[in-house]
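User: Could you take a close look at one part of this model for me, the stretch at the start of the chain, and then show me how the rest fits around it? A connected walk-through would be lovely.

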Amino acid sequence: MTPIRDVLIVHHSHTDIGYTNYQDNVFALHRAYLRRAMDLAEQYADGGTGEQFKWTNETTVLTEDFIRHASASEIERLQKLHQAGLIGFGGMYCNLTPLAPTELLARSLLLVEALRRDYHFDIQHGMNCDVNGQHWGLVELLLDAGFKGF
């Protein structure tokens, strides 16, 4: 057996909207998580390899909600931290059921286009950190939307 050489960890907070708490509370918590992640990313930005704090906002619905409630300076901070490789974004709208029709999945990826265009976020990967899985139709949609991985 080949020894494990690398362990890749994606530091994020899971999106469960309405499952763990009321929707408004969940969105408020995630806005606070992202603000704290931005603080930590700035605090440790000058660290060497493996010493920087990095964060991934799991879903685009959380990113959109943060932007909707953020000040212009917070959005600018977020963009700067993203360009520095310290804050990343998963490209899935939320953790959808594998039973979602292809049309719904396609529409859910429209927000990625807007975030790329309007905020210059380099969103290249889909992320599903739930037990629900996904169906094969999503693969072609992600490729068509410019994703490099899932």
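Analyst: Ile4 lies in the segment before α1, in what is a predicted model. With a relative accessible area of 72%, Ile4 is exposed, because anything over 50% counts as exposed. Ile4 also has company: together with Val7 and Ile9, Ile4 makes a nonpolar surface patch of about 400 Å².

Ile9 takes us straight to the largest pocket, since that residue is listed with Val10, His11, Lys54 and Thr56 as lying nearest the pocket's centre. In total, 15 residues line this pocket, and the space inside comes to about 470 Å³. Two elements, β1 and β2, give two or more residues to the lining. So Ile9 has a part both in the nonpolar patch and in the lining of the largest pocket.

Staying with the segment before α1, we also find Thr20 there. Thr20 is exposed as well, and its relative accessible area is 57%. If you would like a distance to check on screen, try the C-alpha atoms of Thr20 and Asp39: these residues are 19 apart along the chain, and the two atoms are separated by 25 Å.

Now for a contrast, let's turn to helix α2, residues 60–69. Seven of its 10 residues are buried, so the helix is largely enclosed by the rest of the structure. The buried ones are Thr60, Val61, Leu62, Thr63, Asp65, Phe66 and Ile67. What encloses them? The buried residues of α2 pack against α1 (23–43), β1 (55–57), α3 (72–83), β2 (87–89) and α5 (110–119). Notice that β1 and β2 turn up again here: these strands pack against α2 and also contribute to the lining of the largest pocket.

A good place to see the packing from the other side is Glu74, in helix α3. Its relative accessible area is 15%, so Glu74 is buried, the cut-off being under 20%. Leaving aside neighbours within four places in sequence, Glu74 is in contact with Arg35, Met38, Phe66 and His69. Of these, Phe66 is one of the buried residues of α2.

Finally, a stop further along the chain: His120, found in the loop between α5 and α6 (137–144). Its phi is near 60°, a positive value in a residue other than glycine. Is His120 buried or exposed? At a relative accessible area of 55%, His120 is exposed.

How values were computed: Residues are numbered from 1 along each chain as its sequence is written. This is a predicted model: local features need pLDDT of at least 70, side-chain atom pairs count only at pLDDT 80 or more; totals for chains, interfaces and linings use all residues. Side-chain values use heavy atoms; hydrogens and water are left out. Buried means under 20% relative accessible area, exposed over 50%, partly exposed in between (1.4 Å probe, protein chains only). Helices (H or I, at least four residues) and strands (E, at least two) are DSSP runs, numbered from the N terminus. Contact means heavy atoms within 4.5 Å. Patches are made of residues with over 30% relative accessible area and no salt bridge: like charges are joined within 9 Å, nonpolar side chains (Val, Leu, Ile, Met, Phe, Trp, Tyr) within 5 Å. Accessible areas come from the Shrake-Rupley method with a 1.4 Å probe; for residues, only the protein chains shown count as cover. A salt bridge is a side-chain nitrogen of Lys or Arg within 4 Å of a carboxyl oxygen of Asp or Glu. On a 1 Å grid over the protein atoms alone, a cavity is a set of points where a 1.4 Å probe fits but cannot get out, and a pocket is an open set with protein on both sides within 12 Å along at least five of seven lines; lining residues have an atom within 4 Å of a point. Grid points are joined across faces, edges and corners, and a volume is the space filled by probe spheres set on the points.
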